[in-house]
Amino acid sequence: MNKEQLIQYLINIGRLESDCQNYKKLLNETAASLTKKPHMPWLGLTMSAIWIIASFLIIFSGIQHKLSELISGIITSFALIAAIISVTAFITISFIYDSRLRKYKRQQALLSLLDQKLHKTINELDYEYARNILPPKYRSLTAVAWLYHYIVSDRCVDLDEAYRLYETEHYQSHE
């Protein structure tokens, strides 16, 4: 493998390693902020529907004709107000549920996409590492970055020399 091919190989490995780290971080952050799947608010919707039906039954049932005009007006007014409030509550509850469900589905789609990208990147990285150009000891973003630096800066002419320099500098910095 000539120098240009080696540099391209190290750039590709570095990009794949970096992408893996970034996808894992994004997956963890997204999973941590994931909201629970919203439950259908049956009680609120049912109560709103009952009030709507009851209000319209009162208004259109003719009960008002049997009562005095004042009481009839009060009951009709109450029924209209209850109907308006119930319809508003029904629409609001439905809207809130729908928006929470859409948010949940977007988060699930994002998690799925990140998971797919992570697995694709891991497969590409495994394929590159299966070529056995880099020994397992040097299969990390840090090691690849240093090997790349040594080759590009002409401190080393081949990987064997870069391995030795990396070992020397790595162990000196840990002593």
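**Exercise 1. Place D154 and describe its backbone and exposure.**

D154 lies in the loop between α5 and α6 (159–173). Helices here are DSSP runs of H or I with at least four residues, and strands are runs of E with at least two, numbered from the N terminus. The model is predicted: local features need pLDDT of at least 70, side-chain atom pairs count only at pLDDT 80 or more, and totals for chains, interfaces and linings use all residues. Residues are numbered from 1 along each chain as its sequence is written, and side-chain values use heavy atoms, without hydrogens and water.

Step 1. Check the backbone. Phi of D154 is near 65°, a positive value in a residue other than glycine.

Step 2. Check exposure. D154 is exposed, with a relative accessible area of 55%. The cut-offs are under 20% for buried, over 50% for exposed, and partly exposed in between (1.4 Å probe, protein chains only).

**Exercise 2. Do the same for N132.**

Step 1. Locate N132: the loop between α4 and α5.

Step 2. Read phi. For N132 it is near 55°, positive in a residue other than glycine.

Step 3. Read the area. N132 is exposed, at 59% relative accessible area.

**Exercise 3. Find the buried face of α5.**

Step 1. Take the length. Helix α5 (residues 141–152) has 12 residues and reaches 16 Å from first C-alpha to last, close to the 16 Å expected. The expected span is 1.5 Å times one less than the number of residues.

Step 2. List the buried residues of α5: A143, V144, L147, Y150 and I151.

Step 3. Look down the axis. These buried residues fall within an arc of 125°, so they line one face of α5. The arc is that of the directions from the helix axis to the C-beta atoms.

**Exercise 4. Trace the nonpolar surface patch.**

Step 1. Name the members. L43, M47, I50, W51 and F78 form the patch, with about 550 Å² of accessible area together.

Step 2. Assign helices. Helix α2 (residues 42–60) gives the most, with 4 residues. F78 lies in helix α4 (residues 69–130).

Step 3. Check F78. F78 is partly exposed, at 48% relative accessible area.

**Exercise 5. Describe the whole chain.**

Step 1. Count elements. The protein chain has 6 helices and 0 strands.

Step 2. Take the extent. The C-alpha trace spans about 105 × 35 × 20 Å along its principal axes.

Step 3. Take the buried share. Buried residues make up 29% of the 175 residues.

Methods. Patch = residues over 30% accessible without salt bridge, like charges linked within 9 Å, V, L, I, M, F, W, Y side chains within 5 Å. Areas by Shrake-Rupley, 256 points an atom, 1.4 Å probe, with all protein chains shown as cover. Salt bridge = Lys/Arg side-chain N within 4 Å of Asp/Glu carboxyl O.
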